[in-house]
Amino acid sequence: MSALPADLVRLRRDPTVAQTLRSVVAATISYVVALRLSNEAAPLTAPLTALLVVQVTLYSTLTTGIRRVNAVVTGVLMAIAFSALVGLTWWSLAILLLAALVVGRFVRAGEFVVEVGISAMLVLGVTQVANTAWDRVLDTLIGAVVGLLFNVLFVPPVWVSTAGESIEGLARRMRQLILRVSEDLSAPKPVGLAAERLHEARRLDNDIAEVDASLRQAEESVRFNPRVREGLLHRVVLRTGLDTLEICTVVLRVLARTLTDLAKARREEPLFPEEIGTALEELLGHLADAVVSFAVLVTSDVSASAEMAEGRLAEDLAAATASREEVAQLLLLRIQERPRQWQLYGAVLTEIDRMLDELDMENRSQRLMEELDRSSREQREKHPRLAAFRQWTVGALPRRGRRTKRR
């Protein structure tokens with residue numbers, strides 16, 4: 001019984017469940033409204049439009065609603081103009097569909113280009129073209145308005161926490177793989193086992209794609225959402241964090257390939273001498289912990305949690321850096337004594353350095369500031385009037401405060 005509430009909470013936070021419930025409610029409301037305002041006996045265009053307009057996020061609802069209304073109105077107007085010239089024949093239908101699909105590209109209907117042709121075809125095929133055309137436009141507007149108002153009045157959930165969980169899950173899978181890669185470095189490793197670790201590292205690309213999809217949904221959920229303050233900061237922090245983990249997965253894949261090559265060259269002997277293997281296992285253990293600490297830092301919302309995560313990451317990186325120096329000295333002595341496969345030893349150390357550099361907090365802060373500046377600049381260039389209004393508002397606040405203080 002105790003598992004039931006947890007399952008309900010998980011279903012409530014599932015984007016698919018949220019999308020289904022919201023779409024059903026909005027479509028039903030739009031149908032009831034259309035029954036009162038439309039002349040059609042069964043105004044199904046209204047709930048159909050609401051189904052297509054209501055999306056998981058407010059941003060996509062606004063953009064989708066505008067494009068769909070644009071597509072339907074364009075198709076209806078083309079059908080009205082076309083019906084005044086010719087009737088419905090096979091060749092007139094072909095010409096109308098061709099013209100509708102072409103015009104749909106020019107009016108920027110987006111993914112609703114086909115809706116231009118559908119609207120034109122349905123309206124042209126009825127007897128009373130004019131009345132049906134405007135009824136279809138009315139039904140479309142009803143569905144779109146209901147869908148828009150539904151998401152404005154009942155703000156969609158913010159999926160930042162879901163994206164954060166996906167990022168942390170990816171980091172923990174990376175940690176487990178790093179630990180498996182570091183096993184038995186002081187013993188002969190079968191080539192098949194090393195190759196299996198390489199395949200696991202390659203399969204992380206699929207995990208990256210899933211997390212990226214979750215993050216895109218989270219980025220849309222904070223746009224135009226009144227629940228969220230500093231939406232740009234949320235988007236940039238998560239996006240740059242995922243970019244860092246993606247780079248680390250690439251480096252991890254290269255590291256697994258290097259160890260596989262080393263296993264092929266040393267089938268009957270250990271990959272590393274016992275002292276070096278033990279030190280390298282410790283280094284990779286600290287690196288694995290640092291990956292998880294980095295993900296926790298990126299996804300922490302509360303300041304206290306972020307400070308704890310930052311402290312933990314600093315400890316893990318410091319321990320990894322100290323272990324790295326020890327491993328570097330041991331590898332240098334080993335190469336001087338036995339230079340065979342020295343390039344693979346150097347490659348292992350180089351790949352670990354790259355991951356440590358990606359996880360470094362100073363580099364992270366610098367990339368974060370650069371991305372914030374770039375995103376802010378793009379927004380100002382894309383919406384100059386809105387940027388000017390915000391700047392005027394920010395500039396007016398201090399003057400207002402000074403007048404209050406004088407009073």
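Asp 207 is buried in this predicted model, with a relative accessible area of 17%. Its side chain meets that of Arg 173 in a salt bridge, at 3.2 Å from N to O. The structure holds 11 salt bridges, and the count of aromatic pairs comes to 1. Average pLDDT for the protein chain is 75, and 73% of the residues score at least 70.

**Salt bridges between helices**

- Arg 173 sits in helix H8 (residues 160-181) and Asp 207 in helix H9 (residues 191-221), so their pair links parts of the chain 34 residues apart.
- Arg 173 is partly exposed, at 36% relative accessible area, whereas Asp 207 is buried.
- Asp 289 and Arg 175 form another salt bridge, with an N to O distance of 2.9 Å.
- Because Asp 289 belongs to helix H11 and Arg 175 to helix H8, this pair ties together parts that are 114 residues apart in sequence.
- Asp 289 is partly exposed with a relative accessible area of 21%, and Arg 175 is partly exposed with 26%.

**Salt bridge within a helix, and a network**

- The side chains of Asp 261 and Arg 257 meet at 3.1 Å, N to O, in a salt bridge.
- Both residues lie in helix H10, 4 residues apart, which is about one turn of the helix.
- Asp 261 has a relative accessible area of 25% and is partly exposed; Arg 257 also counts as partly exposed, at 40%.
- Arg 180, Arg 197 and Glu 200 are joined into one network by salt bridges that share partners.

**Aromatic pair**

- The count of aromatic pairs is 1.
- Phe 272 and Tyr 345 form a stacked pair, 5.0 Å centre to centre with 20 degrees between the planes.
- Phe 272 is in the loop between helix H10 (231-265) and helix H11 (274-299), while Tyr 345 is in helix H13 (residues 342-359), 73 residues apart.
- Phe 272 is buried, at 1% relative accessible area, and Tyr 345 is buried, at 1%.

**Nonpolar surface patch**

- Leu 101, Val 114, Ile 118, Met 121 and Leu 122 make up a nonpolar patch on the surface, together offering about 390 Å² of accessible area.
- Helix H6 (residues 113-124) supplies the largest share, 4 residues.
- Leu 101 lies in helix H5 (residues 90-106) and is partly exposed, at 38%.

**A buried serine**

- Ser 23, in helix H2 (residues 15-37), counts as buried at 7% relative accessibility.
- Beyond its neighbours within four places in sequence, Ser 23 contacts Leu 51 and Val 54.

**Low-confidence stretches**

- Residues 396-407 have pLDDT under 50, and the model has 0 contacts for them beyond four places in sequence.

Conventions. Residues numbered from 1 in each chain as written. Predicted model: local features only at pLDDT ≥ 70, side-chain atom pairs only at ≥ 80, totals over all residues. Heavy atoms only, no water. Patch = residues over 30% accessible without salt bridge, like charges linked within 9 Å, V, L, I, M, F, W, Y side chains within 5 Å. Areas by Shrake-Rupley, 256 points an atom, 1.4 Å probe, with all protein chains shown as cover. Salt bridge = Lys/Arg side-chain N within 4 Å of Asp/Glu carboxyl O. Helix = DSSP H or I, 4+ residues; strand = E, 2+ residues; numbered from the N terminus. Buried < 20%, exposed > 50% of the residue type's maximum accessible area, 1.4 Å probe, protein only. pLDDT = per-residue confidence, 0-100. Contact = heavy atoms within 4.5 Å. Phe/Tyr/Trp six-rings, centres within 6.5 Å; stacked < 30°, edge-to-face > 60°.
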